[in-house]
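Please open the structure in your viewer and keep the sequence panel beside it, so that you can select residues by number as the tour goes along.

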Amino acid sequence: MTLPQPHIGAMASYQLANLEAPEGTRLISMAQNESLRAPSPLALDAAHMALSAGATYPDPDWSELRAAISLVHGLPEDRILCGAGSMELIASIANAYLGTGDEVLTSDYAYAFIKTVTQFTNARFCSVPEINLAVSTDALIGGITPATKIVFVANPGNPTGTRISSAKLRELRQALPENILLIIDEAYGEFSDHLDERLFDLSETTNTIILRTLSKSYGLAGMRVGWGCFPEHISEQVRKILNPNNVSIASQSAATAAMHDQDYMSETCRITAQLRDRFSEQLQELDIQVKSSHTNFVLLQFRNNAEASHANRHLVKNGILMRQMQGYGLGHCLRATIVAQDDMMFVTTRLNEWSRTR
C-alpha cells in the first residue's frame, strides 16, 4: 500500500454540511451560506451563451473578468488574481508560502478552511481568543512569534457574522512586522461595504492580500469564482501554483456579467439584510441569543449544548438543516443561512414550536 505523507495521513477530512432531510420532507438548507436568490439574469444569459465555446480552454488571464472587477472597485487589473472560489486562492497562497516550522495565526472562530490548508503544508496552526465572538486585533498582535508567517482575518467572520472596523485592521497591519503576510478574507464584504472604507489599498502599499468571492452576494457559489487583490511580488508566486485553466469559460462569463450588474447584487444584499434582521429580532423574542450579523447568516446561541442539540433535532425533523458548530468549539450554537421569505416564516414557526417544549 502506498502511504501518504505523515502529516496528510494525520489530518481529519474537511467537514461538509449534512444535507439529508428525513424522507418525504421538503429540504430547507440553511447550512451552506448560499444566496437566497439566483444569479443576475445577465449572468445566467452570459453563462448560457458561453457554453457554445465549451470546446476551448478558458482565458488563463481572466481578462474580461479582471476588467470588470477593476471597473467596479477601481483597482489595477494586474493586481487581481482569480480562482475557483476564494478557497483555491487561500490554498495556493498556503502552498506558495508555508512549510514545516512556519506558523499561521488567526482567531479562535476563524473560517475552518484556513486550518486545513495550514495542516496540508505541514505548518503550525495557532489561534488566539476572540472577544464576544469578534476578532481581537490586540490578541493577534500579542500572539505573534518569530515563526509567524501568515496572519489570517475573516472580516466579517464566519461562523460568527461579526466584523471589526477597517481602522482596526489598518492598525493591525501597522503593528505587524512587514515580513508577515496579512490575509483579509472579505467573502461577505458586499454585505457591509456601506459601513466602512475599503482596504484594497493595503495590497499596494503593504504585505497584505484582500480576498473576495462571487459565491455569496452574487449568487454564484456553484460557478466557483473568487478573486483577490495582491501585492505584485505575492501574485507572481501564487500564479505559479494556480491551475492556468482554473475558472471555466461559463464561470468567467457569468461572473463578468454579474460584476456589471451591481444593482442586482445590491438588491440581493438589501433583501437578505431585511430578512436577517427580522429573523434576529424573532430569535431574541424566543430567548435565543444572536449577535448582530454583517453577512447572509446568523449564529443562534442557545443556553447550552444540550439545548442546541434539542432544537436541531426538532428542525431536522421538519426538513430544516442548519449548520452545527461543534467543530468550532461552539456546540451551543447553530448557524443559519438566510433563505427566501416564505421559508424564513416556516423556520420561525418551527422554532416557536420548539421553544414551547424547552
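Which residues of α4 are buried? Before you look, keep in mind that this is a predicted model. Now select helix α4, residues 86–97, and you will find that Ser86, Glu88, Leu89, Ile90, Ala91, Ser92, Ile93, Ala94 and Tyr97 are the buried ones. Because nine of the 12 residues of α4 are buried, the helix is largely enclosed by the rest of the structure. If you then check the length of α4, its end C-alpha atoms are 17 Å apart, which agrees with the 16 Å that 12 residues should span at 1.5 Å a residue.

Stay with the helix and select isoleucine 93, which, leaving aside its neighbours within four places in sequence, is in contact with Ile150, Leu181, Ile183, Ile209, Phe230 and Val238. The largest nonpolar core has 78 residues, and Ile93, Leu214 and Phe230 are the ones that touch the most other members. The largest share of this core, six residues, comes from α4. Apart from this core lies another, of 25 residues, and you can find it by selecting Leu275, Val290, Met322 and Leu334, which are among its members.

Next, select strand β7, residues 208–213. Six of its six residues are buried, so β7 is largely enclosed by the rest of the structure. Turn the view to see both faces of the strand, for Thr208, Ile210 and Arg212 are buried on one side, while Ile209, Leu211 and Thr213 are buried on the other.

Now add the strands that pair with β7. Strand β6, residues 181–185, pairs with β7 in the parallel sense over four bridges, whereas strand β8, residues 226–229, pairs with β7 in the antiparallel sense, also over four bridges. Leucine 211 is a useful residue to select here: aspartate 185 stands opposite leucine 211, and in β8 the bridge partner of leucine 211 is glycine 228.

For the last stop, select helix α11, residues 262–285, together with helix α13, residues 341–355. Two packed helices are described by the angle between their axes and by the distance between those axes. Here the helices pack at an angle of about 10°, with their axes 11 Å apart, which means that α11 is roughly parallel to α13. To see where they meet, show the side chains of Leu275, Phe279, Gln282 and Leu283 in α11 and of Gln341, Met344, Val347, Thr348 and Leu351 in α13, since these residues make the contact.

Methods. Residues numbered from 1 in each chain as written. Predicted model: local features only at pLDDT ≥ 70, side-chain atom pairs only at ≥ 80, totals over all residues. Heavy atoms only, no water. Helix = DSSP H or I, 4+ residues; strand = E, 2+ residues; numbered from the N terminus. Expected span 1.5 Å × (residues − 1). Buried < 20%, exposed > 50% of the residue type's maximum accessible area, 1.4 Å probe, protein only. Pairing = 2+ DSSP bridges. Core = buried A, V, L, I, M, F, W, Y, C linked by side-chain atoms within 4.5 Å. Contact = heavy atoms within 4.5 Å. Axes fitted to C-alpha atoms, helices over the stretch in contact; angles between N-to-C directions. Parallel < 35°, antiparallel > 145°, perpendicular 65-115°, else oblique.
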